[in-house]
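Colleague: I've got a protein model open on my screen and I'd love to talk it through. Can you take my questions one by one?

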Amino acid sequence: MSADDQKRLSGEAAAELVENGMVVGLGTGSTAAWFVKALAARKLDIRGVPTSDATANLARELGIALAALDDVKSVDLTVDGADEIGPGLSLIKGGGAALLREKLVWEASKRCVVIADAAKHVPLLGKFPLPIEVVRFGHVHTGQRLADIAAEFDLPPPRLRMADRGVVVTDGGNLIYDMASGRIEEPAALAAALKAVTGVVDHGLFLDLADEALLGTDGGIVRLTP
Ligand code: 5RP
């Protein structure tokens, strides 16, 4: 089974968790897109809170009613992908540059389910570079402060994310620095250090947020809990 088939499997399994009347957080990325498609096919009476402009566009095309985060009191269930799923369902997210809106929606949710192909499940976080979202103003200086923190954790300096057309800009107008590490031994300490830097909006470490994971594997869905 290809990774994409595994992603589809997990997205479809998560769509079965949704019930009529729910407010549903709609994640971002290729796995979350499978979820959104499977959810739309169920034609339930729900409202979706998208975590990115890309997801909002997809959901709208498929006929899912949308609400902004501030239009709802809370979100019943959020389903989203991840770049890595580590011990205790600690996550790296933000490969699609949507980490800030994702984290805001996750934190407003009663239940968060992460969906992914089997290869995303790792014994230790860090092989996937950790995305860090920073404001544009003074970002070179912020990047230097991030490099200092990286050195304290024995990690190489983070790099500004670029795409073919130039620097990557998030839906919120911010920039992304990626911290390639290989191993994140102390995710909570690193998360706290990054969050304390002026200019950092947020980072892609999602700790103590996921309630369960639905992994698509060749043998079917594997359910993980923290
Ligand atoms: C976007 C994310 C995505 O959920 C993450 O990058 C996984 O993407 P995919 O499902 O395409 O592998 O965090 O910011």
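Colleague: Let's start with D171. Is D171 buried, exposed or partly exposed?

Modeller: Sure, and keep in mind that this is a predicted model. To count as buried, a residue needs under 20% relative accessible area, and to count as exposed it needs over 50%. D171 has a relative accessible area of 36%, so D171 is partly exposed.

Colleague: Which residue forms a salt bridge with D171?

Modeller: We want a side-chain nitrogen of Lys or Arg within 4 Å of a carboxyl oxygen. The closest N and O atoms of this pair are 3.9 Å apart, and the partner is R101.

Colleague: How many residues apart in sequence are the parts that this pair ties together?

Modeller: R101 lies in helix α4, while D171 is in the loop between β10 (166–167) and β11 (175–179). R101 counts as partly exposed, at 33% relative accessibility. The salt bridge therefore ties together parts of the chain whose separation in sequence is 70 residues.

Colleague: What about R8 and D5: which helix do they both lie in?

Modeller: Their side chains meet in a salt bridge, at 3.4 Å from N to O. R8 counts as partly exposed at 27% relative accessibility, and D5 counts as partly exposed at 28%. The two are 3 residues apart, about one turn of the helix, and that helix is α1 (residues 3–15).

Colleague: Which residues are joined into one network by salt bridges that share partners?

Modeller: Start from R8 and D5, whose side chains meet in a salt bridge. Salt bridges that share partners make a network, and its members are D5, R8 and E12.

Colleague: Now R183 and E185. How far is it from N to O in their salt bridge?

Modeller: E185 counts as exposed, at 53% relative accessibility. Its side chain meets that of R183 in a salt bridge, and the N to O distance is 2.7 Å.

Colleague: How many salt bridges does the structure hold?

Modeller: We've met a few, including R101 with D171 and R183 with E185. Another one joins the side chains of D202 and K103, at 2.8 Å from N to O. For the structure, the number is 14.

Colleague: Let's zoom out to the domains. How many Å separate the centres of domain 1 and domain 2?

Modeller: The domain assignment gives domain 1 as 3–123 + 207–224 and domain 2 as 130–203. Taking the centres over C-alpha atoms, the separation is 24 Å.

Colleague: Which three residues supply 42% of the area that domain 1 buries against domain 2?

Modeller: In terms of contacts, 13 residues of domain 1 meet 17 residues of domain 2. The area buried between the domains is about 1,100 Å², and carbon and sulfur atoms give 63% of it. On the domain 1 side, the three that supply more than any other three residues are A97, L99 and L100.

Colleague: And how many salt bridges are there between domain 1 and domain 2?

Modeller: Besides the contacts between 13 residues of domain 1 and 17 residues of domain 2, there are charged pairs to count. The salt bridge count between the two domains is 2.

Colleague: On to the rings. Is the aromatic pair of W106 and F206 stacked or edge-to-face?

Modeller: A search of the whole structure finds 1 aromatic pair. The rings of W106 and F206 are 5.1 Å apart, centre to centre, with 85° between the planes. An angle over 60 degrees falls in the edge-to-face class, so the pair of W106 and F206 is edge-to-face.

Colleague: How many residues apart in sequence are the parts that W106 and F206 tie together?

Modeller: Both W106 and F206 are buried. W106 lies in helix α4 (residues 99–107) and F206 in strand β13 (residues 205–206), so the pair ties together parts with a sequence separation of 100 residues.

Colleague: The charged end of which residue sits over the ring of F206?

Modeller: For a charge to sit over a ring, NZ of Lys or CZ of Arg has to be within 6 Å of the ring centre. K37 does this with the ring of W34, at 4.7 Å from its centre. Over F206, the charged end is 5.6 Å from the ring centre and belongs to K93.

Colleague: Last one: is V113 buried or exposed?

Modeller: V113 is found in strand β6 (residues 112–117). Among the residues it touches are L17, L77 and L214. Its relative accessibility is 0%, so V113 counts as buried.

Note on methods
Residues numbered from 1 in each chain as written. Predicted model: local features only at pLDDT ≥ 70, side-chain atom pairs only at ≥ 80, totals over all residues. Heavy atoms only, no water. Phe/Tyr/Trp six-rings, centres within 6.5 Å; stacked < 30°, edge-to-face > 60°. Helix = DSSP H or I, 4+ residues; strand = E, 2+ residues; numbered from the N terminus. Buried < 20%, exposed > 50% of the residue type's maximum accessible area, 1.4 Å probe, protein only. Lys NZ or Arg CZ within 6 Å of the ring centre and 35° of its normal. Domains from an automatic or database assignment. Contact = heavy atoms within 4.5 Å. Buried area = accessible area lost by both parts, 1.4 Å probe. Lists of a residue's contacts leave out its neighbours within four places in sequence.
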